[in-house]
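Let's take a friendly walk through this protein, one neighbourhood at a time. Please keep the structure open beside you as you read.

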Amino acid sequence: MEPQQRSPLLEVKGNIELKRALAKAPSRLPLPGSRLKRGPDQMEEDLEPEKKRTRGLGTKVATSRPRATALTTVPQTQGQTAVPKVPRKTGPRCSTAVATVLKNQKPGPAVPAQKPGTTAAPPVVGRKKPSKRPAWDLKGQLCDLNAELKCCRERTQLLDQENQQLRNQLREAQQQATELGAERRTLEEELARMRAQAEQGQRELGNLSARVLELEERLGTQEGLVQELQKEQLELQEERRGLAARLEEQEGRLQASEAALSGSQAEVASLRQEAAAQAALLAKREERLHGLEMERRRLHNQLQELKGNVRVFCRVRPVLPGESTPPSGFLLFPSGPSGPSDPPTRLSLSRSDERRGTLSGAPAAPTRHDFSFDRVFPPGSGQDEVFEEISMLVQSALDGYPVCIFAYGQTGSGKTFTMEGGPGGDPQVEGLIPRALRHLFSVAQELSGQGWTYSFVASYVEIYNETVRDLLATGTRKGHGGECEIRRAGPGSEELTVTNARYVPVSCEREVEALLHLARQNRAVARTAQNERSSRSHSVFQLQISGEHAGRGLQCAAPLSLVDLAGSERLDPGLALGPGERERLRETQAINSSLSTLGLVIMALSNKESHVPYRNSKLTYLLQNSLGGSAKMLMFVNISPLEENVSESLNSLRFASKVNQCVIGTAQANRK
């Protein structure tokens, strides 16, 4: 009868318990070589107790060897080591059980079954204990101990092999437990799914039962409805007869409507033809409007050329509070040919020289100096009147012609007021710069209806002692004007640009006001003998205008330059000059040098000279494209109404008269 097969996990547990019981048996083997290093006398004394141990040890070793052999010869089932089932107990009962198992097993040379690839450990053959050695036979005792050590090592090797087999069995048992656990989980999931399906089937069965009841109720209701519908059917048949009569009537009306629709369709076709004709007429009118716009630009340019591509306006500022009133007849504004209704174009200034006298000792009569310009603005002229006179010139910049407007004059004559306006934001005292940009924005908005789109980019720099500074610089760049240089925009390009300067796109008046406010804070000013706060640099506001008509492929571009030239005053060479006065002297020399260069450039352009000295000054070099033959130039000469400034006023008027006599060639629009 075959023995009952046990689970591999139980066999592994039994083998582990048996191994633990065998491993707990204390070893009484002496440490090899521990006493060999002592002297003969000491070794003999130490061997006395060892003799007694050896007598009992030989018996134990002899009896323990067959047990170890019996452990390895347990019959196996299916290639695995079958270990007797040992109850798991602790303490001395476990040792007694192990001893009982060892007694009941038959010692023999049986070879345990092994797995492929493993080597069988040789069985341990029991040896008889050698007879007692005399105390002096140390070599024999050493041989006995070595033999016993060899037996223990063989036993240890055998236990290691058994341990490895148990580990393999444990690994297989764990793998089997893992597979069984996975199979159990799969079955549990399948069971849960089947339960869920059963519950769902129960719910569906309940729903179907409720549905059957509901349908039965509805069936009874439908039967009642059928009876009612049969009654309604009879009524509808009567109603159908009435509707058939009405249908005949509606068909007659429909025929009449179709006839009216045919007439309407003919009218729609006529209206479409009329709309097409209107569209064609509109296209012709747009073409004509474009032609008229081009003609307007041409005539506008001719009008400006007739007025002169170089024009000079003279403006006399009013007497300020606290200043002495000039004598009567000091400044006269003669009427034009048509009388007082004509705008004044002439100015007469009287000058008395106390150093001159008659033979009788009486003072000489004052000398009168007469000047004629394109327009003269008396002290009572407002900012709106001044801008109205130049608005057509600003329009030329939008048409693609370079335009440059100067404000020239002595210190304190009102140049900055003319260009930028007064403080406080009063619309009545706004200068030419904000008014010009408001006019450009308004006209550009009107031209957008004709297909034109414009963009504006503003820059504001000053030229102080022949150094270019950016007036729009902010933050860490503020005050580093030396880094700005005038360069060509690109190889072969005629356009000039200022390196490291801000070019700000603008589209409304508020943005322009912010730029002007920032420029006023950054501009170089100083106290002079003529003005408490005098501009000591040339400020140049440039607006690059670019226009495009996408429908016709037209483009135009031109700069508008509005320049507030620095004021100048003469220093008395006889006065002692301190550090501040020396600095003012250097500023005045740089200002007068650049103004002289400006006059030389205008004269060279007027005389059609081959060389124009643009590079002699940073001012003329920057404005090179706004002064040439294709540009339109206007100079405001600002003078003071005070008699004490008559010398500086005469110098300004004489310089303006020379400029007014210059004639520059016909302007050409920058179009593509």
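Which residue is the bridge partner of Val403 in β16? The partner is Lys632. Before going further, please bear in mind that this is a predicted model.

## A covered strand and its two partners

Val403 belongs to strand β6, which spans residues 403–409. This strand pairs with β16 (residues 632–639) in the parallel sense, and seven bridges join the two. β6 also pairs with β15 (residues 554–564), again in the parallel sense, here over five bridges. If you would like a landmark for that second pairing, look at Ile405, which stands opposite Leu562 of β15.

Is β6 mostly covered or mostly open? The strand is mostly covered, as seven of its seven residues are buried. You can check this face by face: Val403, Ile405, Ala407 and Gly409 lie on one side, Cys404, Phe406 and Tyr408 lie on the other, and all of them are buried.

## The overall picture

Stepping back, the protein contains 12 helices and 16 strands. Its chain has 672 residues, and 35% of them are buried. Among contacts with a separation of 6 or more, 72% join residues 24 or more positions apart.

## A three-stranded open sheet

Another place to look is an open sheet of three strands, ordered β2-β3-β4, with antiparallel pairing. Its edge strands are β2 and β4, each of which pairs on one side only. Helix α12 (residues 646–660) packs on this sheet and touches β3 and β4, and the helix direction makes about 145 degrees with that of β3.

How many bridges link each pair of strands? Strands β2 (residues 331–332) and β3 (residues 346–351) are joined by two bridges, while six bridges join β3 to β4 (residues 367–372). In the pairing of β2 with β3, Leu331 stands opposite Leu349 and Leu332 stands opposite Ser348. Ser348 is a handy residue to select, since on the β4 side its bridge partner is Asp370.

As background, strands of a sheet pair through backbone hydrogen bonds, in either a parallel or an antiparallel way.

## Helix α7 and its neighbours

Two packed helices are described by the angle between their axes and the distance between those axes. With that in mind, how do α5 and α7 cross? The axes of α5 (residues 383–398) and α7 (residues 432–447) come within 9 Å and cross at roughly 50 degrees. The two helices are therefore oblique to each other, and their crossing is right-handed. From α5, the contact draws on Gln383, Asp384, Val386, Phe387, Ile390, Ser391, Val394, Gln395 and Leu398. From α7, the contributors are Leu432, Arg435, Ala436, His439, Leu440, Val443, Ala444 and Leu447. Sorted by class, this contact has 11 nonpolar, four polar and two charged residues.

Helix α7 also meets α8 (residues 509–522): the axes come within 10 Å and cross at roughly 155 degrees. Angles over 145 degrees count as roughly antiparallel, so α7 is roughly antiparallel to α8. This crossing is right-handed. Ile433, Pro434, Leu437, Arg438 and Phe441 of α7 make the contact with Glu509, Val512 and Leu516 of α8. The residues here divide into six nonpolar, no polar and two charged.

## Two residues with positive phi

Most residues other than glycine have a negative phi. Which residues in the loop between β7 and β8 are worth a look on this point? Asn465 is found in that loop, between β7 (452–464) and β8 (467–470), and Glu466 is found there too.

Asn465 is not a glycine, yet its phi is positive, at about 55 degrees. For Glu466, also a residue other than glycine, phi is near 60 degrees, again a positive value. How accessible are these side-by-side positions? Asn465 has a relative accessible area of 30% and is partly exposed. Glu466 is partly exposed as well, with a relative accessible area of 29%.

How values were computed:
Residues are numbered from 1 along each chain as its sequence is written. This is a predicted model: local features need pLDDT of at least 70, side-chain atom pairs count only at pLDDT 80 or more; totals for chains, interfaces and linings use all residues. Side-chain values use heavy atoms; hydrogens and water are left out. Axes are lines fitted to C-alpha atoms, for helices over the stretch in contact, and angles run from 0 to 180 degrees between N-to-C directions. Helices (H or I, at least four residues) and strands (E, at least two) are DSSP runs, numbered from the N terminus. Angles under 35 degrees count as roughly parallel, over 145 as roughly antiparallel, 65 to 115 as roughly perpendicular and the rest as oblique. A crossing is left-handed if the near helix is turned anticlockwise from the far one by less than a right angle, and right-handed if clockwise. Contact means heavy atoms within 4.5 Å. Ala, Val, Leu, Ile, Met, Phe, Trp, Tyr, Cys and Pro count as nonpolar, Asp, Glu, Lys and Arg as charged, and the others, Gly among them, as polar. Two strands pair if DSSP finds at least two bridges between them. Buried means under 20% relative accessible area, exposed over 50%, partly exposed in between (1.4 Å probe, protein chains only).
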